[in-house]
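Reader: Could you take me through one part of this model in some detail? I would like to look closely at the sheet and what surrounds it.

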Amino acid sequence: MRAVISVVGKDRPGILAFVANNCAVRNINIVDVTQKVLQDLFTMIMIVDIPEDLDNFHKVADEMEHEGDAEGLKIHVMHEDIFNAMHTI
Amino acid sequence: MRTKRRDNILETIRMIDEECLDIRTVTMGISLLDCADTDIDRSCEKIYKKLTEKAKDLVSTARDISREYGIPIINKRISVTPVSLLASVSGGDCVKYAKTLDKAGKDLGVDFIGGFSALVQKGMTEGDRLLIEAIPQALAETDLVCSSVNIGSTKAGINMDAVKLMGETVRRAAELTKDNCCFGAAKLVVFCNSVEDNPFMAGAYHGITEPDCVINVGVSGPGVVRNAVKEAGPEASMNEIAEIIKKTAFKITRMGQLVGMEASRRLNVPFGIVDLSLAPTPAVGDSVAKILEEIGLEECGGPGTTACLAMLNDAVKKGGVMASSNVGGLSGAFIPVSEDAGMIAAAESGTLTIEKLEAMTAVCSVGLDMIIVPGDTSAETLSAIIADEAAIGMINNKTTACRLIPAIGMDAGDHLVFGGLLGEGPVMPVRRTDASVMINRGGRIPSPIHSLKN
């Protein structure tokens, strides 16, 4: 399943590595990454492939969001379709 | 291209996180026509069985979709065939039906169940009469059941006997729940031109022209619209503001369409409609009044309010229509006073009055909604307010409604708190002139000339 991982937080070394590592251990393949630092606010959007399994998606999304909280990062894991629906005709 | 996509993604996340964008309700409409039985207990058994079978996966499916797409789905609801139709077959004490619906709703884990309803715009059957008689007790003895009665339409005119009866019923519903913030009246709507596929409570019911089972979705998003208007700044012209609202409504509706289609696919139930209504909540920033103020009014209810609301309502429809394959329900901007922080403030300061709200209802959906009136307001006065509101709907060929809550034991200036989505609000003053002769005439206001279209 194609999903979007968004990460927002105070910039510091290792954020990208932290998120990428979290993906790697769960067998999530990163397809595309864009990131930007504005003043000291880090924002990153990752497009990823999550192995097809619904329970797995719920579990992965919850875990990654909690792990982000612990690091002071706001992480969202959402199905890609929501963005396509809202922003394309 | 990638920057644009990133901005879009961040915009969506901001809408959900900071601007209270959500799916207000996924409502499953279920026909109860095949549950009718001459024995009321048998009829209730069939209803319980059908509801718990059809909607058994509704709550869990909505939860899954919510998690997967990252969109809060606030309420899961059920609407059923107007129960008066079943009462016409069975006769008996309709409170039994309400208790059956309540039990089924609780066992399924839904938030509300609507359809304790009767359509009496042209006249009343014995079943309609039994149902209306049972409304106050039914609402007092159940938690999730919502009731609505349609007393007028552009095609049929206004049934003034029913208007008289509903004034008394609203009062009685409040009296029976006076120890519970008169909550009964908050679950009762009196309609003119009610719609059969409305997913919003308290007025949802599953019309007889609908299929056996259907999924309808209601979106929300006043906070998103307000922020978009704010970003445009005070220099933007009114048509530029209308354009911004249109684009925002498009995005909100697309989200509703996606969730509706997905729920329909997973539950294997046909997709009905997306209701485009901007439904406020008491949460900070989720207010329709604040959109009007953002457009440029010092306070909602002052001069200019009706014009701003007319533009808002129209722009929401225009944006939403292209975003969904099936638009229906009420589709416009809601102005429930106690559910909207901006409306509450404006009513408290005295800028927003019932008379101004009445004017506003002529240009938006739906009507005099969640308005708390003094506890000693007579049944005839309530009926007269209902008749006025129905007249606006009848003549303008639109849905109007009254959800008035007589705050028993309270007077203008006091404050009544419901909590949750229903909010709180000040008791608003009502003019005391007597309309009892007019209300007691009964009969019917004939349908207007423009109903004769054939």
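Author: Gladly; here is a walk through the sheet of chain A, its chain, and the contact with chain B. Please keep in mind that this is a predicted model.

Let's begin with the chain that holds the sheet. Chain A has three helices and four strands, and from the N terminus on they follow one another as β-α-β-β-α-β-α. With a radius of gyration of 13 Å, close to the 12 Å that the globule rule gives for 89 residues, chain A is as compact as a globular protein of that length. Along the principal axes, its C-alpha atoms fill a box of roughly 35 × 35 × 20 Å. Of the 89 residues, 30% count as buried. Among the contacts in chain A with a separation of 6 or more, 60% come from residues 24 or more positions apart.

Now to the sheet itself. The four strands of chain A make an open sheet, in the order 2-3-1-4, with antiparallel pairing. Its edges are strand 2 (29-38) and strand 4 (73-79) of chain A, each of which pairs on one side only. On average, neighbouring strands in this sheet are turned by 15° against each other, direction ignored. For a closer view, follow strand 2 of chain A to strand 3 (residues 41-49) of chain A: nine bridges join them in the antiparallel sense. Within this pair, Thr34(A) stands opposite Ile45(A) of strand 3.

The sheet also has a partner from the other chain. Helix 1 (residues 2-18) of chain B packs on it, touching strand 1 (2-10), strand 2, strand 3 and strand 4 of chain A. The direction of helix 1 of chain B makes about 75° with that of strand 1 of chain A.

That brings us to the contact of the chains as a whole, to which chain A and chain B each give 17 residues. On the side of chain A that touches chain B, at least two residues each come from strand 1, strand 3, helix 2 (54-70), strand 4 and helix 3 (81-87) of chain A. Helix 3 of chain A supplies the largest share of that side, six residues. Sorted by class, the side of chain A that touches chain B holds nine nonpolar, seven polar and one charged residues.

So, as you turn the model, you might start at the pairing of strand 2 with strand 3 of chain A, then move to helix 1 of chain B where it packs on the sheet, and finish at helix 3 of chain A, with its six residues on the side that touches chain B.

Note on methods
Residues are numbered from 1 along each chain as its sequence is written. Chains are lettered from A and ligands numbered from 1 in the order in which they are written. This is a predicted model: local features need pLDDT of at least 70, side-chain atom pairs count only at pLDDT 80 or more; totals for chains, interfaces and linings use all residues. Two strands pair if DSSP finds at least two bridges between them. Axes are lines fitted to C-alpha atoms, for helices over the stretch in contact, and angles run from 0 to 180 degrees between N-to-C directions. Two residues are in contact if their C-beta atoms, placed from the backbone, lie within 7 Å. Ala, Val, Leu, Ile, Met, Phe, Trp, Tyr, Cys and Pro count as nonpolar, Asp, Glu, Lys and Arg as charged, and the others, Gly among them, as polar. The radius of gyration is taken over C-alpha atoms; the globule rule is 2.2 Å times the number of residues to the power 0.38. A residue is buried if 20 or more other C-beta atoms lie within 10 Å of its own, exposed if 12 or fewer, and partly exposed in between; C-beta atoms are placed from the backbone.
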